[in-house]
Amino acid sequence: MEPGADVEPSRHYVTSDGAVESTILTVLARHLRKARKETKIRKMVQQEMEDDQLWCDCDMDLHGAVLSEAVDLSRATFAGKVNFHDTIFTDFVDFKNSFFATKAYFWRTSFFGDSDFRYADFSDLTDFEDAVFAKNVNFNGANFRKNMVFPGATAAGWVSFDEAIVTNVSFECAHFKGRTSFESTVFGGDLDFKDTVFEGSTSFRGAHFFGDIHFRNIFFESASFQGTFFGGGAYFEDVTCTKKIYFVKTFFFGGIYFQGSSFLDGICFKKTLFEVSHSECVFPSEICLDESTGLPSGAQWVDSKYETR
């Protein structure tokens, strides 16, 4: 998808059964709220129903449904399979602090209102392939324990994964039209941003990448990696950024590789550290390197065995 493409919904849904739908959703939510104690990653959930009246173990299949009312499934426990494939949410959706014990499918799901997945806990595959977020979506503090796939997804508003925990993830061909934030996000495995478009400002401030990260054929309007930790290889191949890209107080433990990338307003490596034991680095040809260190101005080598940031 090219920068500037329209991802706003073109359809409007009207129902005369809004009150009935709202009641059904409220009853459903009450039967899915199983008591949970508070932990570092989950908030406490107070159970309203008796154990034998809970529906948490049932499969949740609403694929193809059109839900015209606001959906509040916050604090829910989904122990069975969850399928929202081709579901259309026309209003606000709340999955905050919900627990998904098995696979969760949001393939081609349309979210026409704001979406809240804060502190949601996904234990298995989470699939948002070709999902459409017409407004804002919040994944702050969410925990993706296995693969999370976001290929082809489009977002018109801001998207935030701040302080989320992600294992392996793919954002291939995703299109972020507004501000996108991964501040203090922890990426435990490999990460792929192939053919991804970031039209708004993008921030990875304080993020930790423990696997290899691949930015291939990416468009950034602006991007900041201030205070970011790269534990594996960082690959920036055919990346275009129209404004200055910042690597300030960034730590590269596994090397960095720039190939075929274009930074139209420059690139900043102020106070950036490079691990001496992984000295293989490839910088953009337009960057002037210090003759004594072979690094850009403002950067330095560090031996992490003896020095820390």
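**Strand β26 and its surroundings**

In this predicted model, β26 and strand β29, which covers residues 219-224, pair in the parallel sense over five bridges; strands are DSSP runs of E with at least two residues, numbered from the N terminus, just as helices are runs of H or I with at least four, and two strands pair if DSSP finds at least two bridges between them. Residues are numbered from 1 along each chain as its sequence is written. Local features need pLDDT of at least 70 and side-chain atom pairs count only at pLDDT 80 or more, while totals for chains, interfaces and linings use all residues, and side-chain values use heavy atoms, with hydrogens and water left out.

Within the pairing of β26 with β29, Phe 198 stands opposite Phe 220 in β29. Strand β22, made of residues 175-176, also pairs with β26 in the parallel sense, over two bridges, and here the bridge partner of His 175 in β26 is Val 197. Strand β23, residues 180-181, pairs with β26 in the parallel sense over two bridges as well, with Thr 202 of β26 as the bridge partner of Thr 180.

How enclosed is β26 by the rest of the structure? Six of its seven residues are buried, so the strand is largely enclosed, where buried means under 20% relative accessible area, exposed over 50%, and partly exposed in between, with a 1.4 Å probe and protein chains only.

Glu 199 lies in this strand, which spans residues 197-203. Glu 199 is buried yet has no salt bridge, and the nearest side chain of opposite charge, Lys 177, is 4.2 Å away; a salt bridge is a side-chain nitrogen of Lys or Arg within 4 Å of a carboxyl oxygen of Asp or Glu. Lys and Arg count as positive and Asp and Glu as negative, while His and the chain ends are not counted. The side chain of Glu 199 does, however, make a polar contact of 2.6 Å with the side chain of His 175, that is, a pair of N or O atoms within 3.5 Å, of which, within protein, one must be able to donate a hydrogen and the other to accept it, and residues adjacent in sequence count only if both atoms are side-chain atoms.

Turning to the whole chain, there are one helix and 39 strands. Of the 309 residues of the chain, 50% count as buried, and the C-alpha atoms fill a box of roughly 70 × 45 × 20 Å, taken along the principal axes.
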